[in-house]
Amino acid sequence: MATNGPGTAGRRMKTWLWVLGAVIVVLVVALVIVLVTRDDDETPSVTITTSPATTTTTASTTTTASTNTTTTTASTTTTVALPVITDDPQTYAQYLFAAWQNGDRTAAANVASADAVTQMFSRAYPAQGPYTFSNCGPAAGSLYCTWNGQDGATIQMAVRTLTGGLPIQVRAVTFSP
């Protein structure tokens, strides 16, 4: 018959300590992996701050063969910085206009209803004869902002204000003629 002496209890205690130590090491390694691979690149849904700057990119390529010459010039792309969105409804209209200039529907959706985004992007931003901001004026819980273009062309945006308790948002965009 085998007896459990004082040496057996000590060995069991040592074994349990080793197992407990191994479990702690595994948990620490798992925690480090989670912290290292965690994605912190989330952006806020409405408040976007950028510095006022314009970036222009131009590309040109020339290829010469013994009998043929081909010249390819890529179009110039100008990116307008998106303005800072504040509690002023006018900043929402200006943000939508800048997003339209950049061809960025995703940015436009930050400040405008789906209908307003569709209306704004129903026309491409004109390469020649751009629009210039005119003014904004209040009317019945909304702010109406106008841009003027060539030959009497205008863009008018209806921006819902906080008057009715709903969030600020560009609700409609109208082009004329």
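Val28 is partly exposed, with a relative accessible area of 47%. In this predicted model, Val28 belongs to helix H1, which covers residues 6–37. The residue contributes to a nonpolar surface patch of about 570 Å², and the other members of that patch are Met13, Leu17, Leu20, Ile24 and Val32. Membership in such a patch requires over 30% relative accessible area, and the 47% of Val28 satisfies that requirement. For the chain as a whole, the exposed area is about 12100 Å², of which carbon and sulfur atoms supply 59%.

Helix H1 is one element of a mixed architecture. The chain contains four helices and eight strands, and their order along the sequence is α-β-β-β-β-α-α-α-β-β-β-β. Of its 177 residues, 23% are buried. Among contacts between residues at least 6 apart in sequence, 39% join residues at least 24 apart.

The confidence of the prediction varies along the chain. The average pLDDT is 80, and 72% of the residues score at least 70. Among the elements, helix H4 (residues 114–120) has the highest mean pLDDT, at 98, whereas strand S1 (residues 54–57) has the lowest, at 45. Over residues 40–66 the pLDDT is below 50, and this stretch has 41 contacts in the model beyond near neighbours in sequence.

A buried position is found in helix H2, residues 89–102, where Tyr92 is located. Tyr92 has a relative accessible area of 10% and is therefore classed as buried, the limit for that class being under 20%. Tyr92 and Ala108 are separated by 16 residues in sequence, and their C-alpha atoms lie 9.3 Å apart in space.

The discussion now turns to strands S5 and S6. These two strands run antiparallel and are joined by seven bridges. Across the pair, Pro138 stands opposite Leu143, a residue of S6. The strands form a hairpin with two residues between them. Which residue of this hairpin takes a positive phi? It is Ala140, with a phi near 50°, a positive value in a residue other than glycine. Ala140 lies in the loop between S5 (132–139) and S6 (142–148). At 84% relative accessibility, Ala140 counts as exposed, because the class begins over 50%.

Within strand S6 itself, Thr146 offers a contrasting environment. Is Thr146 buried or exposed? At 15% relative accessibility, Thr146 counts as buried. Leaving aside residues up to four places away in sequence, Thr146 touches Thr132, Phe133, Ser134, Asn135, Thr154, Ile155 and Gln156. Strand S5 spans 132–139, and strand S7 spans 154–160. Thr146 therefore has contacts with residues of both strands, with Thr132, Phe133, Ser134 and Asn135 on one side of the list and Thr154, Ile155 and Gln156 on the other.

Beyond S6, the chain enters the loop that leads to S7, and Asp151 is placed there. Asp151 has a positive phi of about 55° although it is not a glycine. With a relative accessibility of 77%, Asp151 counts as exposed. Two loop residues thus combine a positive phi with an exposed position: Ala140, at 84% relative accessibility and a phi near 50°, and Asp151, at 77% and about 55°.

Terms used:
Residues are numbered from 1 along each chain as its sequence is written. This is a predicted model: local features need pLDDT of at least 70, side-chain atom pairs count only at pLDDT 80 or more; totals for chains, interfaces and linings use all residues. Side-chain values use heavy atoms; hydrogens and water are left out. Patches are made of residues with over 30% relative accessible area and no salt bridge: like charges are joined within 9 Å, nonpolar side chains (Val, Leu, Ile, Met, Phe, Trp, Tyr) within 5 Å. Accessible areas come from the Shrake-Rupley method with a 1.4 Å probe; for residues, only the protein chains shown count as cover. A salt bridge is a side-chain nitrogen of Lys or Arg within 4 Å of a carboxyl oxygen of Asp or Glu. Buried means under 20% relative accessible area, exposed over 50%, partly exposed in between (1.4 Å probe, protein chains only). Contact means heavy atoms within 4.5 Å. pLDDT is the predictor's confidence in each residue, from 0 to 100. Two strands pair if DSSP finds at least two bridges between them.
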